[in-house]
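Open the model in your viewer and keep the sequence panel beside it. The tour below goes from one selection to the next and says what is found at each stop.

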Amino acid sequence: MTALTEPTIKVKPTRKQTPAEREIEVAYIKTRDKGCVLHQIVSGHVCKGQWAGEVVPWDAVGLMTFEHVKEGLGGRKPPLDRRHAVLACWDANVWKVETSKYRPEIRKWIADHEPPEEPHA
Ligand SMILES: [Zn+2]
């Protein structure tokens, strides 16, 4: 078994994500995740929408929220991108906040689905 190491986060001033860039990431994440990621990671997880009705995750992508696995610095929201965000239903992300509990699993899930970032020369 390999030791889990946190990827080194390079601290560099990042410019604000443009709406166009955000659109691209949103579309990509929706296509990749198809629905609530907790549904795939946590057995027994039941997806619920904003109004607490049970939903089928892949029929309700529009009802999903985005979960960031990266904390915003200084209270700023990190940019939404495919390496740090997944789809999660309201129940997971807003009501029970299970996404915080399963953050390591979500990070692993992203790592399993995204090829490693090209090292910058
Ligand atoms: Zn869910």
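Select G62. This residue is exposed, because only 7 other C-beta atoms lie within 10 Å; a residue is called exposed at 12 or fewer such neighbours, buried at 20 or more and partly exposed in between, with C-beta atoms placed from the backbone. G62 sits in the loop between α2 and β1. Helices here are DSSP runs of H or I with at least four residues, strands are runs of E with at least two, and both are numbered from the N terminus. The model is a predicted one, in which local features need pLDDT of at least 70 and side-chain atom pairs count only at pLDDT 80 or more, while totals for chains, interfaces and linings use all residues. Residue numbers start from 1 along each chain as its sequence is written.

Next, add K30 to the selection. K30 and G62 are 32 residues apart in sequence, and their C-alpha atoms are 9.1 Å apart. K30 belongs to helix α1 and counts as partly exposed, because it has 15 C-beta neighbours inside 10 Å. Which residues does K30 touch, leaving out those up to four places away in sequence? They are V61 and L87, where contact means C-beta atoms, placed from the backbone, within 7 Å. From K30 to L87 the C-alpha distance is 7.0 Å, across 57 residues of chain.

Now select the whole of α1, residues 19–33. Its 15 residues should span 21 Å at 1.5 Å a residue, and the end C-alpha atoms are 21 Å apart, so the two agree; the expected span is 1.5 Å times one less than the number of residues. Step on to K34, which follows α1 and lies in the loop between α1 and α2. Phi of K34 is positive, near 65 degrees, in a residue other than glycine. K34 is partly exposed, because 16 other C-beta atoms lie within 10 Å.

Go to strand β2, residues 85–88. A85 and L87 point one way from the strand, V86 and A88 point the other way, and all are buried. In a regular strand the side chains alternate between the two faces of the sheet. Then show β1, residues 65–68, which runs antiparallel to β2 and is joined to it by four bridges; DSSP must find at least two bridges for strands to count as paired. Opposite A85 stands H68.

Where does the largest nonpolar core draw most from? Select its 15 residues, among which C36, V37, V86, L87, A88 and C89 touch the most other members. Such a core is a set of buried Ala, Val, Leu, Ile, Met, Phe, Trp, Tyr and Cys residues joined through C-beta atoms within 7 Å. Both α2 (37–41) and β2 supply at least two residues of this core, and β2 gives the largest share, four residues. Center on C89 and show its contacts: C36, C47, K48, G49, V55, P57, L63 and M64, not counting residues up to four places away in sequence.

Move to E105 in helix α5, residues 103–113. E105 is partly exposed, because it has 15 C-beta neighbours inside 10 Å. Its C-alpha atom is 7.2 Å from that of I41, although the two are 64 residues apart along the chain.

Finally, zoom out to the whole chain. It has five helices and two strands, in the order α-α-β-β-α-α-α from the N terminus. Of its 121 residues, 22% are buried. Among contacts between residues at least 6 apart in sequence, 64% join residues at least 24 apart.

Color by pLDDT, the predictor's confidence in each residue from 0 to 100. The chain mean is 80, and 74% of residues reach 70 or more. Among the elements, α1 has the highest mean, 94, and α3 (residues 90–95) the lowest, 69. Where pLDDT is low, the predicted coordinates should not be read in detail.

Conventions. Contact = placed C-beta atoms within 7 Å.
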